[in-house]
Amino acid sequence: MRGISITEPGEADVLQATDVGAPTAQSGQVVIDTVAAGVNRADVMQRKGLYPPPKGASPLPGLEVSGTVREVGPDVEGWSVGDEVCALVDGGGYAEQVLAPAAQLLPVPRGVSVRDAAGLPEVACTVWSNVFLTANLQPGEVFLVHGGSSGIGTMAIQLAKAAGATVAVTAGTEEKLAFCRELGADIAINYREQDFVEEVRAATDGHGADVILDVMGAKYLPRNVDLLATNGRLVVIGLMGGRTGELDLGKMLSKRAAVIATSLRARPADEKATIVAAVREHVWPLVEDGAVRPIIQGSHPLDRAADAHRELEASGHIGKILLTP
C-alpha cells in the first residue's frame with residue numbers, strides 16, 4: 001500500500017510516497033479504500049514537527065478521508081463492506097487505505113460526490129463543535145469568522161447563516177470576499193486594508209460580535225476582545241499569529257465575556273464520537289438539502305502531496321484542497 005510519510009520535520013519536500021503496511025480493522029474499527037483525503041493546516045504543523053499525532057495513531061498525516069468500506073472489524077454495527085463513507089480520523093489519511101474508528105464515520109451525503117465528501121468531516125466537526133456546541137451561537141447573534149475563504153471559514157459562513165446569525169468575515173483579497181458574500185456573509189472585511197473591529201462595530205450599530213471563531217491566536221487577541229459584545233464568546237482554534245498574547249481581564253469582566261481555546265484532534269474518542277453524531281444529526285440534513293455544500297478548490301494526486309501543501313501554505317485557495325490516491 002502506498003502512503004505519504006514525513007521523512008523528517010521540514011518543508012513540503014519531506015512528504016514522500018512510500019510503501020507502508022496495510023491496516024487491519026480491530027474491534028470498533030473499519031478500513032476504508034481511500035477516494036480522497038482532505039489537506040489541513042494541522043497536517044502542515046505535523047509535517048514541521050509541531051503537532052505530533054496522538055498516542056496510537058498512524059504517523060502518516062491526514063485527518064479526514066472519503067471512500068468505500070473495505071473491511072469491518074468486530075463489534076462494528078451499522079456499516080458494511082462497500083458502504084460509501086467519509087470519516088474523521090486521528091491520522092493516516094494520506095494513504096490508499098485508512099483505518100478509522102467506526103464511531104467517526106459518516107455516510108456520504110446525498111447529492112455530494114464521494115471525492116468531495118472528503119472535504120466535509122474536519123470542517124463540519126470543527127465548526128459545529130466550536131461555534132454551536134461550545135460557543136452556543138444563537139439566531140440573531142453576530143458571528144465573525146477570521147479567514148472566511150478557508151475550508152473552516154466557508155463551512156462556518158454557511159452553518160451560521162443557516163442558524164439565523166448575522167455573519168462577518170475577514171479575508172485578504174476582493175475575490176475571496178466576493179466568494180464569502182456569495183455563501184451568505186453579511187459583512188466582508190479586507191484585513192489588509194480595513195480594521196475588522198471598526199468595520200463590524202459600524203455594521204452592527206456598535207454591538208460588536210457575539211461569537212468570534214479565530215485561527216490567528218496572539219496577533220488578534222486584543223482586538224478580538226475589544227470587539228466582543230456583552231456576554232461574547234471568543235473561540236481560538238489556531239495559532240497562525242502566535243501563541244502568547246496579552247489578555248485584558250478588565251475588559252473581559254466588564255463584558256462578562258469568555259475566551260475559549262480548543263482543538264479537535266486531541267479530544268478523547270468518546271468526545272469525537274459525540275461530535276460526529278451531532279454533525280450527522282444537524283449538519284448532514286443541511287448538506288442534503290443544498291443549504292450547505294463542500295467548497296473544493298481542487299485536488300492533487302497522492303504522490304504530489306508536497307504540491308498540495310505548498311498550495312495550502314500560499315493561502316491563495318478558496319475552500320478545501322484534496323489528495324486523490
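Here are some questions and answers about this predicted model.

Q: What radius of gyration does the protein have?
A: Let's start with the overall build: the C-alpha trace spans about 55 × 40 × 35 Å along its principal axes. A compact globule with 325 residues would have a radius of gyration near 20 Å. The protein agrees with that, because its own value is 19 Å.

Q: How many helices and strands does the protein have?
A: Both kinds of element turn up here, and the strands are numbered, like β3 (residues 29–39) and β4 (residues 64–72). The full count is 11 helices and 15 strands.

Q: Which strands stand at the edges of the open sheet of 6 strands, and why is one side of each left without a neighbour?
A: Read the sheet across and you get β10-β9-β8-β11-β12-β13, with parallel pairing. A strand with a single partner has one side left without a neighbour in the sheet, so look for the two ends of that order. Those edge strands are β10 (187–190) and β13 (258–261).

Q: By how many degrees are neighbouring strands of this sheet turned against each other on average?
A: The sheet in question is the open one with parallel pairing. Ignoring direction, the average turn between neighbouring strands is 15°.

Q: Which residue in β9 stands opposite leucine 144?
A: Strand β8 covers residues 142–146, and its parallel pairing with β9 (residues 166–171) runs over 5 bridges. Leucine 144 faces a residue of β9, and that residue is alanine 168.

Q: Which helix lies across β8, β9, β10 and β11?
A: We want a helix that crosses these four strands, and β11 here is 209–214. The helix runs at about 160° to β10 and covers residues 196–203, so to speak of it by name: α6.

Q: Which residue in β5 is the bridge partner of glutamate 64?
A: Strand β4 is joined to β3 by 7 bridges in an antiparallel run, with threonine 34 partnered by glycine 67. β4 also pairs with β5 (residues 84–88), again antiparallel, over 5 bridges. In β5, the partner of glutamate 64 is leucine 88.

Q: Which strand gives the most to the lining of the second largest pocket?
A: This pocket holds about 320 Å³ of space. Of its 19 lining residues, the closest to the centre are Gly56, Ala57, Ser58, Gly91 and Leu99. The lining divides into 10 nonpolar, 7 polar and 2 charged residues. With 4 residues, the top contributor is strand β6 (residues 97–101).

Conventions: Residues numbered from 1 in each chain as written. Predicted model: local features only at pLDDT ≥ 70, side-chain atom pairs only at ≥ 80, totals over all residues. Heavy atoms only, no water. Pairing = 2+ DSSP bridges. Axes fitted to C-alpha atoms, helices over the stretch in contact; angles between N-to-C directions. Contact = heavy atoms within 4.5 Å. 1 Å grid on protein atoms, 1.4 Å probe; cavity = no way out; pocket = protein on both sides within 12 Å on 5 of 7 lines; lining within 4 Å. Points joined across faces, edges and corners; volume = space filled by probe spheres on them. Nonpolar A, V, L, I, M, F, W, Y, C, P; charged D, E, K, R; others polar. Rg over C-alpha atoms; globule rule 2.2 N^0.38 Å.
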